[in-house]
Number of protein chains: 2
Amino acid sequence: MKLMRVTDPDQVLKIIKERFNPLESETLVLENAGGCYLSDNIYAPENIPDFNRSTVDGYAVAAKDTFGAGEGIPAMLECIGEVLMGEPAPPISPGQCCLVHTGGMLPEGADAMIMVEDTEVTGTMVQSFRQVAPGENVIHRGEDLKKGDPALTKGHLLRAPEIGLLASLGITDVAVHRRPKVGFFSTGDELVDYSRPKLEPGQIRDSNAPALLYLARQLGAGAEYGGILPDRFKAFLEQSRSMLTEVDLLVFSGGSSVGTRDYTARTMQELGQPGLLVEGISIQPGKPTLLANCGGKPVLGLPGHPVSALNIFKIFGRAIINRLAGQAEKQLKPTVRATLSRNISSRSGRTDYVRVKLEPAAEGLAAVPVFGRSGMLRTLSEADGVLIIPAEKEGLGAGELVEVEVWN
Amino acid sequence: MKLMRVTDPDQVLKIIKERFNPLESETLVLENAGGCYLSDNIYAPENIPDFNRSTVDGYAVAAKDTFGAGEGIPAMLECIGEVLMGEPAPPISPGQCCLVHTGGMLPEGADAMIMVEDTEVTGTMVQSFRQVAPGENVIHRGEDLKKGDPALTKGHLLRAPEIGLLASLGITDVAVHRRPKVGFFSTGDELVDYSRPKLEPGQIRDSNAPALLYLARQLGAGAEYGGILPDRFKAFLEQSRSMLTEVDLLVFSGGSSVGTRDYTARTMQELGQPGLLVEGISIQPGKPTLLANCGGKPVLGLPGHPVSALNIFKIFGRAIINRLAGQAEKQLKPTVRATLSRNISSRSGRTDYVRVKLEPAAEGLAAVPVFGRSGMLRTLSEADGVLIIPAEKEGLGAGELVEVEVWN
């Protein structure tokens, strides 16, 4: 029997980065561009803010008019009025001041703001019991961004702050890499649609399809389901070929038998050049994973066991989606730290993903492994996340501090 | 001048939990229920799996027929055929075996699987070079879930594994707490719609609205935008009252002047009992935050500065949305660990959220603070996340290990 040639998980991530490219650019209205990656640099078309703005409620002054003022010796200023929000400010002369609200425009002649708390008003006269420095309590024109400055660079993810930043510049349309579309097939004659109420002996509901479709959408991709492929090679290949023209990433999942795996591998070789790149990954759960490049498009063959399929798609499906979506280099992996509740053994040379529940402990959290075979979805639904035992380790000991990647 | 009465951030989270309740239940089709929280326990309507299933490719046997077998002394078994995927398996008699693929059904009379790697086939005879124990390489009927067992409990988040688990049980509809709908108003006469190409002096584009709408949708809520409210109390109140009937959480944002803040506070008092709960939070950025309970519905008044508004909505808007959505107790906060690049001071008694960039360092990552005033969105778009300086600390030192909450 042929041994499976396995590739190291980090090597697989490297292959994904090297062999596949971000999708073409498209222009989206800003409201629909959240979660996308910029396909171009964006330069500020104007200053932000475009006028000197107060950061406090108080009086706009020439700072030098307050020099020397203090508790006992207030500076006396003539108040010439109020700057209405959204209105231009009338200029002030030396010795004068003007009421400005937070966010309001500073008048010409003023270079600082006295906070209202530091003043006392009698008629039109304002006493300031503090001196202010030039620029105090003011955001200057162009201080956040100067006209022509790079506001955001290519590959930057559009999160809420970026959407706000672009909106403040009046940018309503934005060029981003097109979001990838993922096509899914389930494989295996034992599978029936999950809505089937009554199963015959030997049948299993196709639980991977709805779970993977949700995961792909969570990752920002479009997701299309092609149904359950029969274990007949010709139909398998034809339906795959047709779907591949419609999507950016094709995924097979569900068949756990060697027969189905063989069809998947043969299909990958026929769908386009150069074909199979990865025939197995040194990871647990999820070793029997296939990855191909079929005419420039990635094709992923997930292992049949539900937990393995989800684990692999979460790691490598995500990496492919992010690569196609145009994610820049930086990738952060937030974790929750916890104390391992018991020893776990692991085979050296294989990266282990151990499902764990996080439970309150004397100090912080305890990571309690949820054991069960990789076919068992219940174990994954009981787990809050996974902890990774690197290939070079032969296990982890009770009491060790571990980092848990939370599934959400 | 009246001092702002501030509430501790943890106390605000406690108030949110105590004063507001999960929304009513609704039934969704499984494909649309991802990200929702269950409003009821779900019990398994059948066994998973519903038959004894092989976890390997190999031969189904009665384990006792292999006892004593080894490298030199194979057990001899008569192979009576193959179990086709999705088909019921014919029974076997003592001394017999049957080819079963991974995921296939074990025949009656078999209680274990010999892996194909451990066998040699000659005609209809199979030699096993290993002995197997009863149950080896088999998932038993009901092993993942037994009929009647609790599959998932009330308050559980439906992630990909849960969707897979429910699909495997044939559950197509699921009772969840209704997803909250958030209504947003921007406030302040200085604001104009962000699509306005040319600003007049003193005007500012409303950048908070699109950023907050995206954030709310990211958090799984529906989001509706009511436009920019004028700084005129009657219109302010009437439009707010009308929107509040349509949504589960009402949010005011954008106005940074004391006048707007006063309108917001007065509106909260008039919209419903008991009214204002929080008049300020001991947090930076975001201190001038208002929170009210208006006839059972939460109303949140965000500070006007964009960074403050996003910071507050990310913490307390999220807490409110999750509470209304029915999230159970457990809340995990994944972070990235990094070494602080320089000293940061912080005022004791106030929780500080410091924006940081994460950069590769000699060992791991460095957290580099991005300084700037809370009006400056650029500082937030340059930051990968925030690190929290608790109220009891007066700062953090260069070289300290810190935990950074990543913004995505």
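Through which surface do the copies meet: the same one or different ones? Keep that in mind as you click around this predicted model.

**Stop 1: both chains together**

Show chains A and B and colour them separately. Chain A lies on chain B with an RMSD of 0.1 Å after a turn of 180 degrees and a shift of 0.0 Å along the axis. That is how a two-fold axis relates two copies. Now for the opening question: 100% of the interface residues of chain A are interface residues in chain B as well, so the copies meet through the same surface.

Next, select the contact zone. It pairs 80 residues of chain A with 81 residues of chain B. On the chain A side, the elements giving two or more residues are α2 (160-168), β15 (204-205), α3 (208-218), α5 (258-271), α6 (306-325) and α7 (377-382). If you want one element to start with, pick α2(A), whose 8 residues are the largest share of that side. Colour the chain A side by class and you should get 39 nonpolar, 25 polar and 16 charged residues.

**Stop 2: the core**

Hide the surface and go inside. The largest nonpolar core has 184 residues, and Leu212(A), Ala367(A), Leu212(B) and Ala367(B) have the most contacts inside it. Centre on Leu212(B). Beyond its neighbours within four places in sequence, Leu212(B) is in contact with Phe184(B), Val251(B), Ser253(B), Ala309(B) and Phe313(B).

**Stop 3: a run of strands in chain B**

Select β22 (residues 336-340), β24 (residues 351-360) and β25 (residues 365-369) of chain B. Strands β22(B) and β25(B) run parallel and are joined by 2 bridges; look for Thr339(B) opposite Ala366(B). On to β24(B), which runs antiparallel to β25(B) with 5 bridges between them. Here Val356(B) faces Pro369(B) across the pairing. Before you move on, check the turn: the hairpin of β24(B) and β25(B) has 4 residues between the strands, and Gly364(B) there takes a positive phi near 70 degrees.

Now add β26 (residues 385-389) of chain B, where 5 of its 5 residues are buried. In a regular strand, side chains alternate between the two faces of the sheet. Which residues sit on each side of β26(B)? Gly385(B), Leu387(B) and Ile389(B) are on one side, Val386(B) and Ile388(B) are on the other, and both faces are covered.

As for the partners of β26(B), 5 bridges tie this strand to β24(B) in the antiparallel sense, with Val354(B) and Leu387(B) as bridge partners. β26(B) also pairs antiparallel with β28 (residues 401-406) of chain B, over 3 bridges. Gly385(B) stands opposite Val406(B) in that pairing.

**Stop 4: helix α1 of chain A**

Switch to chain A and select residues 9-19, helix α1(A). Pro9(A), Val12(A) and Ile16(A) are buried. Look down the helix axis: the buried residues fall within an arc of 55 degrees, so they line one face of α1(A). Rotate to the face turned away from the buried side and you find the exposed residues Asp10(A) and Glu18(A). To see what covers the buried residues, turn on β18 (274-278), β19 (283-284), β20 (290-294), α6 and β24 (351-360) of chain A, which are among the covering elements.

While in chain A, jump to Thr260(A) in helix α5. Thr260(A) counts as buried because 28 other C-beta atoms lie within 10 Å. Draw a distance to Phe236(A): the two are 24 residues apart in sequence and 9.7 Å apart in space, C-alpha to C-alpha.

**Stop 5: backbone oddities**

Most residues other than glycine have a negative phi, and most peptide bonds are trans. Here are some exceptions to click on.

- Gln273(B) to Pro274(B): a cis peptide bond, with omega near -10 degrees. Pro274(B) is in strand β18 (residues 274-278) of chain B.
- Gln284(B) to Pro285(B): also cis, with omega about -5 degrees. Pro285(B) lies in the loop between β19 (283-284) and β20 (290-294) of chain B.
- Asn137(A): a positive phi near 60 degrees, in the loop between β9 (125-128) and β10 (138-139) of chain A. With 21 C-beta neighbours inside 10 Å, Asn137(A) is buried.
- Asn137(B): phi is positive here too, near 60 degrees, in the chain B loop between β9 (125-128) and β10 (138-139). Asn137(B) is buried, with 21 other C-beta atoms within 10 Å.

Terms used: Residues numbered from 1 in each chain as written. Chains lettered and ligands numbered in written order. Contact = placed C-beta atoms within 7 Å. Nonpolar A, V, L, I, M, F, W, Y, C, P; charged D, E, K, R; others polar. Core = buried A, V, L, I, M, F, W, Y, C linked by C-beta atoms within 7 Å. Buried ≥ 20, exposed ≤ 12 C-beta atoms within 10 Å, placed from the backbone. Least-squares fit on C-alpha atoms with pLDDT ≥ 70 in both. Pairing = 2+ DSSP bridges. Arc of directions from axis to C-beta.
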